[in-house]
Amino acid sequence: MQAKKRYLILLSAGACLILLFCLGGIQVPLSRRGPSRPHDRRLSGYGPGARWRHMSGYLQPFSSWEQDRSDDLTEHISPRQKRDANSGLYTGKRCRMESCFDFSLCERNGFKVYVYPQQKGEKLSESYQNILSSIEGSRFYTSDPGQACLFVLSLDTLDRDQLSPQYVHNLKAKIQSLPLWNGGKNHIIFNLYSGTWPDYTEDLGFDIGLAMLAKASISTENFRPDFDVSIPLFSKDHPRTGGEKGYLKYNTIPPYRKYMLVFKGKRYLTGIGSDTRNALYHIHNSEDVVLLTTCKHGKDWQKHKDARCNKDNAEYDKYDYREMLYNSTFCLVPRGRRLGSFRFLEALQAACVPVMLSNGWELPFSEIIDWNRAAVIGDERLLLQIPSTVHSIHQDKILSLRQQTQFLWEAYFNSVEKIVLTTLEIIQDRVLLHTSRSNLMWNSLPGGLFTLPQYSTSLRDFPFYYAELGIKPPSKFTAIIHVVTPLVSQSQPVMKLLVAVAKSQYCAQVIVLWNCEKPLPAKHRWPATSVPVTVIEGESKSHLLVFSKSHQVISSRFLPYNTIPTDAVLSLDEDTVLSTTEVDFAFTVWQSFPDRIVGYPARSHFWDSNKERWGYTSKWTNDYSMVLTGAAIYHKYYHDLYTTYLPASLKIMVDQMSNCEDILMNFLVSLVTKLPPIKVTQKKQYKETMMGQSSRASRWADPDHFAQRQTCMNKFASWFGAMPLVHSQMRLDPVLFKDQVSILRKKYRDIERL
């Protein structure tokens, strides 16, 4: 009996082996020779052993880089990669920068962006016009398509909901007819709304081809990592430039507000997005968790109203949304019809920590922003756990989250311009990978838009990260003296100034910027100093006391000269009167505030309600908002930022008037730091000394000087979109300054004698 069973088992096993061999599941080597035999059809894809490989050949790979991928890698791909391989709404579903972007276009002229000219008869929504205007006003813009690295359509692609009045018809044919389209390669398409009732898919209604997508409410399933950019959903009223500041005026300890968690919005009775909002009543308690919904929206809401609608609508009307927003610690951001919501930006601005409840949403700018530092990422399936989760967050963490919401709002989201520039900067970092910004640059002050990677990729080279790196600013400065009048006497103030500055123990070098039409004095007429003196004539060649003639350009004092070896720059006008002691003290103060302008002559701005414009004053008052660069110390990085970030139109205006460059620099630094400059001790005679200069070229002697500066204030504020200057009432004096102790005990005793 046992022998019979063994016989049957062996017979069955043999039959299975024969069957597998016939079906190609087992490959028997027919030869020991290599695969070079031309008649070996199995190795050419025709034998049964190559059946699956041969069949896959009918699915043409999208690009050549996929042909070289090892088959072994398919066993270890992530769920997202599997979705990428098996689904798609458009041709370029598998696109990545290395496969669908032509980097060679960016090698010739750098990262330049071209906007197609608007076609006759094509209307643009206000939001899309703001996007195009932001690009055209940026340093990336070029009007020459031959210089472009990236292309932007002039056809409005923001609203692709077929029921919307902003929907552009026949978009596919219009795009395909563009001569530079090239299948979408090196193009970026902006979109806020896609799909329509009832399913609101992410289909744009046309094939975007190889183009990148800057899209709101994009899902992780359709998002192409390191290729697309997720942007926030913003309203048509979102400001183009400037933008409002965050609402966190001061930090409260503990950081709790009247409400712990709030939400007020529509409740969808049917269709996609209804499940999450319909369930919010389960955790609403009318005390510290207030989650209000209303059914009263749409034309036929009464047809679908349920038993809770009347009660929900009545309670919904009792609360003011703004009051809830500004008085809550956390704000719920559930998905709507689409994954994104206006509530997201509203919560950020209000310093109400967003609690995300939208599974599968690729959060805005997720490539660069660490959202765990500014939001709570919830799960729609675990709704009932949300209240206990937010209650368990420690007050220190809440304070940190709240502060980060304000930084992110003002750095990347409070205007259309910042949203667009952030998108372009992300793409530029991909293109110029060797100079891309670090995660710390993007997620800490002042943000990625103000840390230019072309300047440096090292954190220690910027004025913002000394404290985080645990290092001190270098202990030397370079003095730049701006000269516009001829030298006729050894007793002129500029000669005395040069000697006094060179005597400073912290001075590494003196640069004389010669912007005078008269010839330079001979080398022997310059005073002897213990530090090198380099003379730069206008914007021409620079070398040690060797000169060439150039025209006067006042902005040239802020050019990023390679001859500046130090981080700190002491900027001086030729008629400045400072002692060595005053220079030393100002520099020691700057070392504690390396991201700010530190100096002596202070000025202020004010709002003139009668004229409805900004005013400029040089009166001695109890506050100030500017420290003039005629006697100030700042980080040399601001030279690069002044040259690169600011538009040519502002610098041309400054050069034409030979005025206001110091005001413009103060605008820029305050915009970056969100802080006022630092005024240090100065003898009261500074202003009177400057006004008393007899030189005809002195700006103080120009009767139009003050009127021009009033005009500049308003021109600058208009371009920046807001007034960035910040008032301060702080002045820093040496310890023991004016104290009734022996003068010998004071370190900066000479300041009191001036």
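In this predicted model, Asp623 sits in the loop that links E20 to E21. With a relative accessible area of 29%, Asp623 ends up partly exposed, because the buried class stops at under 20% and the exposed class starts at over 50%. Once its neighbours within four places in sequence are set aside, Asp623 still touches Ser604, His727, Ser728 and Gln729. One of these partners, Ser728, is 105 residues away along the chain, yet the two C-alpha atoms are just 5.4 Å apart.

The strands on either side of that loop belong to an open, antiparallel sheet of 3 strands, ordered E20-E19-E21. Strand E20 (613-617) and strand E21 (626-627) are its edges, each pairing on one side only. Between E19 (residues 602-608) and E21 there are 2 bridges, and the two strands run antiparallel. Across from Ala602 stands Val627 of E21. Helix H25 (residues 705-720) packs on this sheet and touches E19, E20 and E21, with its direction at about 135° to that of E20.

A second open sheet is built differently in its pairing: 5 strands, in the order E1-E2-E4-E6-E7, are paired in parallel. Strand E1 (113-115) and strand E7 (229-230) have a single partner strand each, so one side of each has no neighbour in the sheet. Further in, strand E2 (residues 150-152) and strand E4 (residues 187-191) run parallel and are joined by 2 bridges. Val152 has Ile188 of E4 as its bridge partner. Helix H7 (residues 126-136) lies across E1, E2 and E4, at about 135° to E1.

Next come the empty spaces. Rolling a probe the size of a water molecule over the atoms shows where such space is left. Searching the whole structure turns up 5 cavities of 30 Å³ or more, and the largest holds about 60 Å³ of space. Its lining is made up of Val262, Phe263, Lys264, Tyr321, Met324, Leu325, Cys331, Leu332, Arg343 and Ala347. Sorted by class, that gives 8 nonpolar and 2 charged residues, with no polar ones. At least two lining residues come from each of strand E8 (259-266), helix H12 (321-326), strand E10 (328-334) and helix H13 (343-349).

Helix H19 (residues 493-502) is mostly covered, with 7 of its 10 residues buried. Those buried positions are Val494, Met495, Leu497, Leu498, Ala500, Val501 and Ala502. An α-helix makes a turn every 3.6 residues, so residues three or four places apart point the same way. The cover over the buried residues of H19 includes strand E13 (477-483), strand E14 (507-514), strand E15 (533-537), strand E17 (568-573) and helix H20 (580-590).

Ser458 is another loop residue, found between helix H17 (439-443) and helix H18 (466-469). Its relative accessibility is 27%, so Ser458 counts as partly exposed. Between the C-alpha atoms of Ser458 and Arg437 the separation is 9.1 Å, with the two positions 21 residues apart along the chain.

Zooming out, the chain carries 26 helices and 24 strands. Of its 754 residues, 53% count as buried. For contacts with a separation of 6 or more, 73% come from residues 24 or more positions apart.

Terms used:
Residues are numbered from 1 along each chain as its sequence is written. This is a predicted model: local features need pLDDT of at least 70, side-chain atom pairs count only at pLDDT 80 or more; totals for chains, interfaces and linings use all residues. Side-chain values use heavy atoms; hydrogens and water are left out. On a 1 Å grid over the protein atoms alone, a cavity is a set of points where a 1.4 Å probe fits but cannot get out, and a pocket is an open set with protein on both sides within 12 Å along at least five of seven lines; lining residues have an atom within 4 Å of a point. Grid points are joined across faces, edges and corners, and a volume is the space filled by probe spheres set on the points. Helices (H or I, at least four residues) and strands (E, at least two) are DSSP runs, numbered from the N terminus. Ala, Val, Leu, Ile, Met, Phe, Trp, Tyr, Cys and Pro count as nonpolar, Asp, Glu, Lys and Arg as charged, and the others, Gly among them, as polar. Buried means under 20% relative accessible area, exposed over 50%, partly exposed in between (1.4 Å probe, protein chains only). Contact means heavy atoms within 4.5 Å. Two strands pair if DSSP finds at least two bridges between them. Axes are lines fitted to C-alpha atoms, for helices over the stretch in contact, and angles run from 0 to 180 degrees between N-to-C directions.
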